[in-house]
Amino acid sequence: MPENFRVLEQNLKGTIREWYFFEAAKEKGIVLIEPGKDNTTRARIKVDFFLKDGRKLQVKGRTKSLCKNGIIGVEVKGSHGRIPQRLYKRKDFDILAVVLDPGVISSKNIKNAKEDDYNFCIIPVKNIPSHKRSKEWGDDYLKDVFYFKPEDYVINDFSLLKSKN
């Protein structure tokens with residue numbers, strides 16, 4: 001139905017981004033494990049992949065309306081429920097992987113960027129600020145929008161995902 005198009009488009013694009021990220025990681029020899037029945041319900045909802053060493057990843061794409069002047073905006077929240085339930089707690093994941101669609105960044109301006117392909121930015125959760133109402137809600141929730149400049153990170157660098165063991 002037309003009124004569901006936005007949700008369908010977001011879900012479809014999100015699935016494609018996750019698949020590209022999964023395949024790019026596999027190409028680099030990094031094994032990503034999807035949450036299974038053995039994981040808690042919260043982990044199955046808030047985690048996209050686990051690394052072999054147990055670290056948790058959340059994969060997001062940019063939010064087009066939050067991007068301007070070379071700054072990328074990413075919504076760091078789930079798609080269901082009301083705030084604060086929709087927000088991620090700091091302990092929900094360890095690494096945010098932002099998948100940038102083809103044509104979003106220029107290989108002329110950013111090292112390692114691929115002009116006509118997906119690009120990835122690996123961001124440690126410690127770089128994401130806390131939501132200002134975290135104390136009120138009794139836990140450390142992540143701010144629901146994270147802004148960054150792609151040049152502040154090494155694009156397509158999977159070294160942060162290499163096993164620490």
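Two strands count as paired if DSSP finds at least two bridges between them, and that criterion underlies the close-up views below, which are all taken from a predicted model.

**View 1. The hairpin of β2 and β3, with Gly-54 at a positive phi.** Strand β2, covering residues 49-51, pairs with β3 in the antiparallel sense, and the pairing extends over two bridges. Within this pairing, Phe-50 has Lys-56 of β3 as its bridge partner. Four residues lie between the strands of the hairpin, in which Gly-54 adopts a positive phi near 95°.

**View 2. Strand β3 beside its parallel partner, strand β5.** Strand β5, made up of residues 95-100, runs parallel to β3, and the two strands are joined by five bridges. One position to look for is Gln-58, which stands opposite Leu-96 in β5. Strand β3 itself spans residues 56-61, and because five of its six residues are buried, the strand is largely enclosed by the rest of the structure.

**View 3. The cysteines Cys-67 and Cys-121, neither of them in a disulfide.** With a disulfide taken as a pair of cysteine sulfur atoms within 2.5 Å, the count comes to zero. For Cys-67, the nearest cysteine sulfur is that of Cys-121, at 12 Å, and for Cys-121 the nearest is likewise that of Cys-67, at 12 Å. Cys-67 has a relative accessible area of 18%, and it is therefore classed as buried, under a cut-off of 20%. Cys-121 also counts as buried, because its relative accessibility is 0%.

**View 4. The whole chain, as context for the close-ups, with three helices and seven strands.** Read along the sequence, the elements of the protein follow the pattern α-β-α-β-β-β-β-β-α-β. The C-alpha trace spans about 45 × 40 × 35 Å along its principal axes. A compact globule of 165 residues would have a radius of gyration near 15 Å, so the 16 Å found for the protein agrees with that expectation. Of the contacts in the protein with a separation of 6 or more, 62% are accounted for by residues 24 or more positions apart.

**View 5. The surface of the protein and its buried share.** The accessible surface comes to about 10,300 Å², and carbon and sulfur atoms contribute 50% of that area. Buried residues, for their part, make up 41% of the 165 residues in the protein, and both Cys-67 and Cys-121 from the third view are among the buried residues.

Terms used: Residues are numbered from 1 along each chain as its sequence is written. This is a predicted model: local features need pLDDT of at least 70, side-chain atom pairs count only at pLDDT 80 or more; totals for chains, interfaces and linings use all residues. Side-chain values use heavy atoms; hydrogens and water are left out. Buried means under 20% relative accessible area, exposed over 50%, partly exposed in between (1.4 Å probe, protein chains only). The radius of gyration is taken over C-alpha atoms; the globule rule is 2.2 Å times the number of residues to the power 0.38. Contact means heavy atoms within 4.5 Å. Accessible areas come from the Shrake-Rupley method with a 1.4 Å probe; for residues, only the protein chains shown count as cover.
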